[in-house]
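Biologist: Could you take me through a close look at one helix pair, and at how its two members lie against each other? If there is room afterwards, I would enjoy a tour of the ligand site too.

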Amino acid sequence: MSHTVEMNFDGLIGNTHNYAGLSQGNLASTNNAKLLSHPRRAAKEGLAKMYRMHQLGLKQGILIPQERPHIPTLRQMGFSGTDQAVIEKAHKSAPGLLAMCYSASSMWAANAATVSPSSDTNDGRVHFTPANLKSMFHRSIEHNMTSNILKVIFNNDDHFCHHDALPGGIHLGDEGAANHNRLCTEYGEQGVELFVYGRHDFGPSNTASRFPARQSLEASMAIARKHGLSSNKVVMACQSSQVIDAGGFHNDVVSVSNKNVLFMHELAFADKASLFEQVKSAYGEQPVHFIQVPEQRVSLDNAIKSYLFNSQLVEIPGREGMTLILPMESQENKSVYRYLLELIEQDTPIKHLEFVDVRQSMRNGGGPACLRLRVVLNEQELAQVNPSFMVTDELFSTLNTWVDKHYRDELCSDDLADPDLLFESRIALDELTKIMKLGSFYEFQQV
Ligand code: SUG
């Protein structure tokens, strides 16, 4: 069997990174609304995380930012005239809408798509479904471009299959890999795909929650069918409404998996016993490690504030045991850090901790795991990945210089009315397409 790896593709943070308070139920986004943002620092933090993974010997890829502000969406909403006039008019009469069209939210690559490795699918190809992200308007305008980016990176029909985002009006909300875990013995062997949903669209009515449940069961089921997964290797589990109400808007805020380990808060799922039962029976002979953090040790509140579970659980070449890549905030939170130090001494596969600084993203509710999309690839598939999107020493340094040249140090909500920001974004993205050897890629380059 050829060697198979799990690659992470991180979203490169765009130059319009700002705090607009757009995501109800995401406490960081709401609490930090209108805070001054630091786009240059944000992008450099993201790049430094990618580079750290690369230095540790992991294969690391990159997803490029989307065109923001998204003038085509504003035009669809009835704003007309020159691009500057569109911005001015939107700022006057619909500043909330303008902020949505300015969001750099595509940085959170865990919401880009759901990906099933070739060893899980019935046609032996890697399947991608971009997430429709329809619960939040600013995110619902991402999927067309996400799909174009994925098609450019994974451009080979023999190995990769790209689906359209799911349709569905108010139904079939899909948030991608943020609600999707995979358990396996080796990456290249058939795994159990664990889809986590927050609501039924067409079934029994949901219990009323304080915040919206973003992922629908029916959406997850549609993706499992489209990806050609074996039904005996798929588990659907419901998020606990307690978690959603505490600000756990995606499952990756309260759990993370790698190989045969599911690291989770004890309150993460609505019916834990049934989940464990189903995973064990789908998984087969070998043991699965369910590592549960008790509420008494780390409260849900602390888990969500520190983003302890929004970590990446990885195997670093040459290191025995798994490593958690965590946000600094989980080192700064006393009870979380105390728990982590004990965890690595216990008899579980998790043995190392690494802390990364992604504070600018964290203030919008996006930790290390939100920033990355996992893609399991065997050697043949890896050889087909567009090399421009693989992080190397050279790409890291080129992109750092590009960020220094084009990104503002600070951005506040009034700056979104500044037409210069639109032109700065376009100049930056135009140069980026050259760095990535993409030709005319963005919509503004094609008019
Ligand atoms: O969808 N925040 C994102 C954070 C996504 C985190 N992703 C994962 N958990 N995988 C969201 O809520 C806030 C934007 C603002 O308020 O400006 C935002 O979109």
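Modeller: Happily! A definition comes first: an angle over 145 degrees between helix axes, taken between their N-to-C directions, counts as roughly antiparallel. Please keep in mind that this is a predicted model. The pair to look at is H2, residues 39-55, and H16, residues 393-406, whose axes come within 10 Å and cross at roughly 175 degrees. H2 and H16 are therefore roughly antiparallel to each other. On the H2 side, the contact is formed by Arg-40, Ala-43, Lys-44, Leu-47, Ala-48, Tyr-51 and His-54. H16 contributes Asp-393, Phe-396, Leu-399, Asn-400, Val-403 and Asp-404. Sorted by class, the residues where H2 meets H16 are seven nonpolar, four charged and two polar.

Another pair gives a different picture to set beside this: H4 (residues 83-93) and H5 (residues 95-102) have axes 5 Å apart and an angle of about 130 degrees. That angle makes H4 oblique to H5. Here Ile-87, Ala-90, His-91, Lys-92 and Ser-93 of H4 meet Pro-95, Leu-98 and Tyr-102 of H5.

Now for the ligand site. There are 20 residues around the ligand, and Leu-22, His-138, Arg-214, Asp-252 and Cys-370 come nearest. Arg-214 also places a polar side-chain atom 2.8 Å from a ligand oxygen. Asn-26 has a polar side-chain atom 3.0 Å from an oxygen of the ligand, while Ala-20 uses a polar backbone atom, 3.0 Å from a ligand oxygen. Taken alone, the ligand exposes 490 Å², and the protein buries 100% of that.

Definitions and conventions:
Residues numbered from 1 in each chain as written. Predicted model: local features only at pLDDT ≥ 70, side-chain atom pairs only at ≥ 80, totals over all residues. Heavy atoms only, no water. Axes fitted to C-alpha atoms, helices over the stretch in contact; angles between N-to-C directions. Helix = DSSP H or I, 4+ residues; strand = E, 2+ residues; numbered from the N terminus. Parallel < 35°, antiparallel > 145°, perpendicular 65-115°, else oblique. Contact = heavy atoms within 4.5 Å. Nonpolar A, V, L, I, M, F, W, Y, C, P; charged D, E, K, R; others polar. Near = heavy atom within 4 Å. Polar contact = N/O pair within 3.5 Å; in protein donor to acceptor, adjacent residues only side chain to side chain. Areas by Shrake-Rupley, 256 points an atom, 1.4 Å probe, with all protein chains shown as cover.
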